There are 2 protein chains.
Amino acid sequence: MAYRRTAQIQARLDTQRAAIVYAAIELVGESGYGACSIVRVAARAGIAAGTVYNHFGSKGDLLAEVFRVVVTREVEAVRAAVTASGRAAERVTAVIETFAGRAMKSPRLAYALLAEPVDPKVDALRLEFRQAFTDLVAAAVVDGVASGELPPQNPVVTASALVGAIGEVLIDPLDTGGSAPDMVSTVITFALRGIGVHDASHA
Amino acid sequence: MAYRRTAQIQARLDTQRAAIVYAAIELVGESGYGACSIVRVAARAGIAAGTVYNHFGSKGDLLAEVFRVVVTREVEAVRAAVTASGRAAERVTAVIETFAGRAMKSPRLAYALLAEPVDPKVDALRLEFRQAFTDLVAAAVVDGVASGELPPQNPVVTASALVGAIGEVLIDPLDTGGSAPDMVSTVITFALRGIGVHDASHA
DNA sequence: GTCTATAGTTCGATAGAC
DNA sequence: GTCTATCGAACTATAGAC
C-alpha cells in the first residue's frame, strides 16, 4: 500500500507551513520584501530551503501568501472601524485613523505591502484588496448620502478616491520613516471635505 | 584597422532601438503588457528576437523604457495644464481633466501603465513618476494657500492625496472599459472640496 | 503527475562593415 | 582580414491540460 498521509503528519505539515509564513512575515516586517529570500526564510523557520517548495510552488507564491495573510487582518481592522454605527464623518475618520495608525506602527511592513516593487503576483493582490477596502468605504458613503448627512455623489467613485488618497499619502512617510506631524489630520480634513461634510473639523 | 562604429551605423542602431520601443508601445496600447512578448515586439519591428537584446538587457528593461517614454509625455501634458496661471481651483481641475481625459482616450495603455501587474522594474518607475505628478500638484496647492484662495494645509500631503485619488478612481473604468458618466465630475468635486475650495461647483 | 505549449534568454554561424 | 550586428534555432523555465 502506498504511503498515506496521516492526520498527525498533516498537522505537522500545517505547522511547518505556518512557520514558513510567519518567518517570512517577520523578515518582510524587518527589511521588506527584498530581504525575504527563500534561504533566509527557511533558516528562520528552522528547515532546509528546499522544504519551502513542498508548501509553495515559487517564491512569488510565498510572497503572495504573506500579503494575503497580513492584509486580510488589515481589512478586518478597517471593517471593524467602519462598521461601527455613527455618522459617516466619524466612520470615515475611523477608517483613516485605523489604517494609517496601524501602518505607522509597522512602517517597513506596511511599505512593503503597499508599494514596494515586487513580484507581479503581489501586484495582482494589491488590486484585489484595494477593492475590498473600497467596498467598505463605499458602504459608509452610501449610508451617509441616504441619511442626508452627505450631498448626493457617486459613492464608488468617492470611495475609490478616498482609498487611493490614503494609500498614496502613506507611501513616502512609510518609506522614509518620518512623517509630518499633521499628516493624518491633513488627510482626515481632506477626506471629510472631499465627501462633503459641512464642518470638516475633527478635533 | 579594427572595426569602429561609424555615425551612420550608430544612426541605424538608434532608429532600430526606437522602432523596438515604438512596436512595444503599440502592443501595450492594444493588449497590455501581457501581450508584449519579445517575439511579437521583434516581429512588429521587423527584426529577429535576439536583436532586441542588443538594445535591452532584459524584457523588464524594455517594458521599463516603454513606461518611461509614455509617462514622460503624460507628465509634460499635466505640467502644461497646471502651469497655466489661474486660481488653484482651475489648475487642479485642469490637472484632473487632462490626466483622466488622456487616459480614457487610450484605456488599455493607461491601465497597463497605471496598474497592470508586471515586472518590479515598472513598479519602481510608477513610484518615481507618481512623485513627479505630486510635485506638480503640490506647487499649485502652495500657490493657492499663499494667495489665500485655499485654507492653510500641508501641500505635499494634499497633493499626494489628490494624485492617489485620481489614479485609484481611474483603475476600474480603464480596466473594464466602462466608466460612470459622472466619474470625472465626481472626482473634480471631491478634489476641490478636499483642498478647501469654498464653492466646489465647476459647471 | 506527466506532457505540451509558450516565452525569455543564450549562442554559434553568417553576412556585412571597416 | 578582422570585428561586429544580426539571425534564428536551441536551451531553460514556467503554466496549463489531460
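Among contacts in chain A between residues at least 6 apart in sequence, 65% join residues at least 24 apart. That figure belongs to a predicted model. Keep it in mind as the chain comes into view.

Start with the overall layout. Chain A has 9 helices and 0 strands. Read from one end of the sequence to the other, the pattern is α-α-α-α-α-α-α-α-α. The C-alpha atoms of chain A fill a box of roughly 70 × 40 × 25 Å along the principal axes. Chain A holds 203 residues, and 52% of them are buried.

Now turn to the surface of chain A. The accessible area comes to about 9,300 Å². Carbon and sulfur atoms account for 56% of that area. Chain A also carries charge: 19 of its side chains are positive and 21 are negative. The centres of these two sets lie 8 Å apart.

Next, look inside, at helix α6 of chain A. This helix covers residues 107–114. It is mostly covered, with 6 of its 8 residues buried. The buried ones are A:L109, A:A110, A:Y111, A:A112, A:L113 and A:L114. What hides them? From chain A, the cover includes α1 (7–31), α4 (59–83), α5 (88–105), α7 (120–146) and α8. Chain B takes part too, through its own α7 (120–146).

Helix α8 of chain A offers a contrast between two threonines. A:T158 is found in this helix, which spans residues 155–176. A:T158 is buried, because its relative accessible area is 1%, and buried means under 20%. Leaving out residues up to four places away in sequence, A:T158 touches A:Q153 and A:I195 in chain A. It also touches B:T186 and B:F190 in chain B.

A:T176 is found in helix α8 of chain A as well. Is A:T176 buried or exposed? At 53% relative accessibility, A:T176 counts as exposed, because that value is over 50%. A:T176 and A:R12 are 164 residues apart in sequence. In space, their C-alpha atoms are 40 Å apart.

Step back to the loop between α7 and α8 of chain A. A:P152 lies there. With a relative accessibility of 75%, A:P152 counts as exposed. Where does A:P152 stand relative to A:A84? The two are 68 residues apart in sequence, and their C-alpha atoms are 22 Å apart in space.

Cross over to chain B and find B:E65. This residue is found in helix α4, residues 59–83, of chain B. Its relative accessibility is 14%, so B:E65 counts as buried. Which residues does B:E65 contact, apart from its neighbours within four places in sequence? They are B:R17, B:V21 and B:F56.

Finally, follow the protein to the DNA. Take strand D first. From chain A, the residue around DNA strand D is A:K121. From chain B, the residues around the strand include B:Y3, B:R5, B:R12, B:L13, B:I47, B:A48 and B:G50. B:Q16, B:T51 and B:N54 are also among them. Of the strand D atoms within 4 Å of the protein, 90% belong to sugar or phosphate, and the rest belong to bases.

Three side chains show how the phosphates are met. In B:Q16, a side-chain N or O atom is 3.0 Å from a phosphate oxygen of DNA strand D. For a polar side-chain atom of B:T51, the distance to a phosphate oxygen of this strand is 2.4 Å. For B:N54, the corresponding distance is 3.1 Å. The elements giving two or more residues to the surface near DNA strand D are α1 (7–31) and α3 (49–52) of chain B. The largest share, 3 residues, comes from α1(B).

DNA strand C has 11 residues around it. The closest are B:T6, B:S37, B:I38, B:Y53 and B:K59. Here 79% of the strand atoms within 4 Å of the protein belong to sugar or phosphate, and the rest to bases.

Phosphate oxygens feature again. One lies 2.5 Å from a polar side-chain atom of B:T6. In B:Y53, a side-chain N or O atom is 2.4 Å from a phosphate oxygen of DNA strand C. B:I38 uses its backbone: a polar atom there is 3.1 Å from a phosphate oxygen of the strand.

Key:
Residues are numbered from 1 along each chain as its sequence is written. Chains are lettered from A and ligands numbered from 1 in the order in which they are written. This is a predicted model: local features need pLDDT of at least 70, side-chain atom pairs count only at pLDDT 80 or more; totals for chains, interfaces and linings use all residues. Side-chain values use heavy atoms; hydrogens and water are left out. Helices (H or I, at least four residues) and strands (E, at least two) are DSSP runs, numbered from the N terminus. Buried means under 20% relative accessible area, exposed over 50%, partly exposed in between (1.4 Å probe, protein chains only). Contact means heavy atoms within 4.5 Å. Accessible areas come from the Shrake-Rupley method with a 1.4 Å probe; for residues, only the protein chains shown count as cover. Lys and Arg count as positive and Asp and Glu as negative; His and the chain ends are not counted. The place of a charge is taken as NZ of Lys, CZ of Arg, CG of Asp or CD of Glu. A residue is near a molecule or strand if one of its heavy atoms lies within 4 Å of it. A polar contact is a pair of N or O atoms within 3.5 Å; within protein, one must be able to donate a hydrogen and the other to accept it, and residues adjacent in sequence count only if both atoms are side-chain atoms.
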